[in-house]
Amino acid sequence: MSAIQKIKGFADLFPPESDIFTFLESCAREVFGRYGFAELRTPLLERTELFSRGIGGETDVVQKEMYTFQDKGERSVTLRPEATAGVVRAAIEAGEAALSGKFFTMGPMFRYERPQKGRMRQFHQINAEVFGVDSPLADAEVLLLLASFLTRVGLTGLAFEVNSLGCRECRPRFHEALNAYFASLDASALCADCQRRMQTNPLRVLDCKVPACKAVVAGAPSIQDHLCEDCRAHFDTVLSVLSASGLAFSINPRLVRGLDYYVRTTFEVTSTAIGSQSAVAGGGRYDGLVEQLGGPKVPGIGFACGMERLALLLSDSLAPTPPDFYLAVLDEASLAAGLLFAEKLRAAGLRGEVAKEAKKLKRQLAHASKVGARTCLILGPDEAAAGTIVAKDLASGQQTTYPQADYLEQLT
Ligand code: HAM
């Protein structure tokens with residue numbers, strides 16, 4: 001029979017990648033916990049409307065990339081392409097307390113994109129969301145949280161870019177300026193999608209990856225010149241707190257992000273070390289989203305990091321944790337006793353494995369070194385009869401015989 005293969009764009013995570021994911025998750029729990037965030041787990045499957053309404057009908061995610069199907073009750077459902085819409089839905093359903101909370105989520109997301117290095121159809125995000133705070137200080141704090149997390153993970157040399165996308169007051173004026181600019185050009189200079197986007201959501205034109213559109217966009221007006229007074233003051237405070245914090249960042253007036261819910265502060269973190277899929281994290285403020293999804297008027301801000309991309313950056317630097325012991329057993333009759341002794345070692349908190357079959361000591365010592373164990377414990381017929389265990393320190397080569405009870409006692 002032919003073997004069944006995984007679906008294109010989906011991956012099995014074996015060590016060391018799975019170890020890196022576990023490391024990233026534990027760093028997130030540690031750092032986000034320091035900032036008062038609580039972990040929230042939301043479903044992978046949601047009603048399709050949550051995303052079409054939340055993320056925006058003109059985005060690539062909604063137009064081209066969603067895993068949408070009818071369930072057996074003939075409802076249209078979608079595997080989450082991102083976490084924010086689901087977190088907002090959950091907070092609205094949970095009520096008032098959740099709508100002033102700070103949450104992080106971790107887990108798989110699904111986008112039907114063209115797979116390549118750093119771009120998967122099932123990928124994983126670590127996501128943080130803050131509800132109920134208008135102040136620009138929250139924007140700065142969320143960015144500093146992201147920077148702390150990336151530093152804790154061990155990543156340096158990343159580029160932080162920030163922008164403001166304005167609000168419902170000033171963005172329409174920017175749209176007008178953009179449209180006037182596009183109208184002054186030969187419309188055929190833009191791709192077919194962008195000719196439509198010009199009418200429906202001109203900001204999306206700024207995000208187009210088609211080279212001809214990129215060339216047109218290079219001369220387009222800047223949102224930074226069209227912010228209203230409130231948005232300008234909000235962004236200036238974010239910038240001044242970030243500058244005072246010492247975080248290195250730059251302003252990128254072309255940064256519009258791929259999802260429609262953003263207002264005011266947006267940001268992205270990129271690395272030059274992982275190829276074309278260089279964004280390792282992105283986020284921003286989404287003050288209208290809670291209302292748009294049927295909740296009260298509550299502001300929000302957050303970000304998501306792509307775990308596959310962080311793993312690509314870390315793959316060379318993370319050494320696996322070595323086991324504390326390998327227990328070599330020299331005769332068949334001592335195998336069960338070895339297994340039970342190893343149980344006691346693990347109960348005392350040690351990590352290690354026990355031989356499954358009795359082999360020559362030389363081969364077992366070589367195996368213990370290969371797995372990186374610190375100590376090779378040795379149990380043979382003489383030790384079993386005397387109730388002792390031999391401990392060989394693999395770094396120094398020093399070997400000591402202990403009564404088994406004494407060896408266990410000195411561990412606790
Ligand atoms: P996003 O920029 O679409 O934002 O995704 C965030 C990060 O997820 C990206 O920077 C990238 O590292 C990773 N990512 C996205 N697509 C893929 C893919 N196909 N394969 C691998 N990694 C990928 C959001 O999803 C927003 N919900 C972030 C947010 C939270 N904004 C406010 N709160």
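This is a short tour of the ligand site and of one further pocket.

Before you start, note that the model is predicted, with local features needing pLDDT of at least 70 and side-chain atom pairs counting only at pLDDT 80 or more, while totals for chains, interfaces and linings use all residues. Residues are numbered from 1 along each chain as its sequence is written, and side-chain values use heavy atoms, with hydrogens and water left out.

**The ligand.** Select the ligand and the 26 residues around it (a residue is near if one of its heavy atoms lies within 4 Å). Glu82, Glu113, Met120, Tyr262 and Ala279 come nearest. By class, you will find 11 nonpolar, 8 polar and 7 charged residues in this shell (Asp, Glu, Lys and Arg count as charged; Ala, Val, Leu, Ile, Met, Phe, Trp, Tyr, Cys and Pro as nonpolar; the others, Gly among them, as polar).

**Polar contacts.** Next, show pairs of N or O atoms within 3.5 Å. The side chain of glutamate 113 has an N or O atom 2.7 Å from a ligand nitrogen. Turn to arginine 257, where a side-chain N or O atom is 2.9 Å from a ligand oxygen.

**Strands.** Now color strand 6 (122-131), strand 10 (279-285) and strand 11 (300-306), the elements that each give two or more residues to the shell (strands are DSSP runs of E, at least two residues, numbered from the N terminus). Strand 10 gives the most, with 6 residues.

**Another lining to select.** Finally, pick Asp134, Cys167, Arg168, Val263, Arg264, Asp287, Gly288, Glu291, Lys297, Val298 and Pro299, which line the second largest pocket (on a 1 Å grid over the protein atoms alone, a pocket is an open set of points where a 1.4 Å probe fits, with protein on both sides within 12 Å along at least five of seven lines; lining residues have an atom within 4 Å of a point). Its lining has 4 nonpolar, 1 polar and 6 charged residues.

How values were computed. Polar contact = N/O pair within 3.5 Å; in protein donor to acceptor, adjacent residues only side chain to side chain. Helix = DSSP H or I, 4+ residues; strand = E, 2+ residues; numbered from the N terminus.
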